[in-house]
Amino acid sequence: MEEKEPKKIIGLMSGTSCDSVDAGLCEVFPDFSVKLINGINYNYPEFVRKNLFKAFDGEISIKELCQLNFAVGKCFADAAKILIEEFGKPDFISSHGQTVFHYPYDAKIDNINLKSTLQIGESSVIAKETGCMVISNFREKDIAYGGQGAPLVCFADEKWFKNALVQNIGGISNVTVISDGYPTYGFDTGCGNIMIDYCMRKYFSKEFDKDGQTASEGNICESWLDCLLQDEYYYLNPPKTTGREYFSQKYIESILKIAPDNPKDIIATLTALTAKTIAQAYERFINHRYDTVVVGGGGAYNKTMMKFLKSYLPKHVVLKTHEDYGISNNFKEVMAFALLGYCNYYNIPNNLPSCTGAEKRVILGKVTPAA
Ligand SMILES: Nc1ncnc2c1ncn2[C@@H]1O[C@H](COP(=O)(O)OP(=O)(O)O)[C@@H](O)[C@H]1O
Ligand SMILES: [Mg+2]
């Protein structure tokens, strides 16, 4: 096998929140550690963001989706170019792309599997605009091998953490369970910020609940919370993943029909829902003792969410954030995809079947040459 060397890689990612394209210049080392040199959040132009939300709701035409693939590719390239202007070209770019649809179910028609996922952000556009090789489209191969194509970040978590539950709270929430003597596994615990963001927009004309301020001013409506906790997703056994296809605008509007009157109470209750579903997922699906939970993603900045989570976890559990480990809450996923790209480059399998359900370890990612 080729001798591994450190590589400078720009990781590119936009999650289900669609809040920004995150771009991080990383140095990835042969021991799989990753150092973030610099990271930026690049906002999508309004028309791109608008069309992405239309796509999430299944309300765009194939023509618009086709155009959106190239437009998102250009946005990802523009985000990378900001870093390239300051730091020069990396060895290559590793791009997650923007998920527009994720269908992790074992449905079949005529014995043809319909399990699938779609990340857009055309890699040819990124390669052309930046002059860099691009590694992208990590999820598809895991699905081709029978997995759910997610969560992929577990692979990085296993390299970076020991004996901890690594909890991401992005648009969706997912956990990686890392424990000596057990295989690492992970799954989506449920909604993260999607419903909070939606209601902040609807009731307060704000993009999100900064620091959990609005939630802190409301009261949890216990009866509504109990009702929301009955959703069948929370009872499914892992491996399991979810997304905006499930926690859709339609879903949110339907639960709002029985919501409390005060919008602040709605935000407080949805914040409690995310925290409670995380704690319940641990109770239901983790069979050994754990002492540390490490939170990352935008939800780590929501003080009310963190307070609720702390209160729902067993007393002895220590709640930390990625920043306690020197890893940015904001750029952790970008760093993870830089690592997945590094592994692809060196032909190292980079999925964890215990997390995705794939039948074997395979090398995820497709290569678009620089020229
Ligand atoms: N300071 C903050 N206070 C509260 N919530 C925040 C803060 N910063 C980010 N968030 C939440 O985190 C979300 C983005 O998280 P992120 O980890 O980028 O998710 P994704 O991977 O889905 O894009 C935002 O939409 C917002 O709801
Ligand atoms: Mg984001």
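**Notebook: loops, a pocket and a buried acid**

I began with Asp31, which is found in the loop between strand E2 (21-28) and strand E3 (34-42). I was working on a predicted model throughout. Asp31 has a relative accessible area of 56%. The cut-off for exposed is over 50%, so Asp31 counts as exposed. I then took a C-alpha to C-alpha distance from Asp31 to Glu5 and got 9.7 Å. In sequence Asp31 and Glu5 are 26 residues apart.

**Asp197**

Next I looked up Asp197, placed in helix H6 (residues 194-204). Is Asp197 buried or exposed? Asp197 is buried, and I found no salt bridge for it. The nearest side chain of opposite charge is that of Arg201, 4.7 Å away. A salt bridge needs a separation within 4 Å, so Arg201 does not qualify. I also listed the contacts of Asp197, leaving aside neighbours within four places in sequence. They are Ser17, Lys206, Glu207 and Phe208.

**Second largest pocket**

I turned to the second largest pocket, with a volume of about 230 Å³. Its lining has 13 residues, and the closest to its centre are Phe53, Tyr198, Arg201, Arg244 and Gln249. Three elements give two or more residues each to this lining: helix H1 (46-56), H6 and helix H9 (249-256). Which element gives the largest share? H6 does, with 5 residues. I sorted the lining by class and noted 6 nonpolar, 2 polar and 5 charged residues. Arg201 thus appears twice in my notes: as the nearest opposite charge to Asp197, and among the residues closest to the pocket centre.

**Backbone checks**

I went on to the backbone. Most residues other than glycine have a negative phi, and most peptide bonds are trans. I noted these exceptions.

- A cis peptide bond joins Ala150 and Pro151, with omega about -15°. Pro151 sits in the loop between helix H4 (139-144) and helix H5 (154-160).
- Pro238 to Pro239 is also cis, and omega there is near 0°. I placed Pro239 in the loop between helix H8 (222-228) and H9.
- Asp211 has a positive phi, near 60°. Asp211 is in the loop between H6 and helix H7 (213-217). With a relative accessible area of 33%, Asp211 is partly exposed.
- Asn347 has a positive phi too, near 55°. I found Asn347 in the loop between helix H12 (332-345) and helix H13 (353-356). Asn347 is exposed, at 52% relative accessible area.

Technical notes: Residues numbered from 1 in each chain as written. Chains lettered and ligands numbered in written order. Predicted model: local features only at pLDDT ≥ 70, side-chain atom pairs only at ≥ 80, totals over all residues. Heavy atoms only, no water. Helix = DSSP H or I, 4+ residues; strand = E, 2+ residues; numbered from the N terminus. Buried < 20%, exposed > 50% of the residue type's maximum accessible area, 1.4 Å probe, protein only. Lys, Arg positive; Asp, Glu negative; His and termini not counted. Contact = heavy atoms within 4.5 Å. 1 Å grid on protein atoms, 1.4 Å probe; cavity = no way out; pocket = protein on both sides within 12 Å on 5 of 7 lines; lining within 4 Å. Points joined across faces, edges and corners; volume = space filled by probe spheres on them. Nonpolar A, V, L, I, M, F, W, Y, C, P; charged D, E, K, R; others polar.
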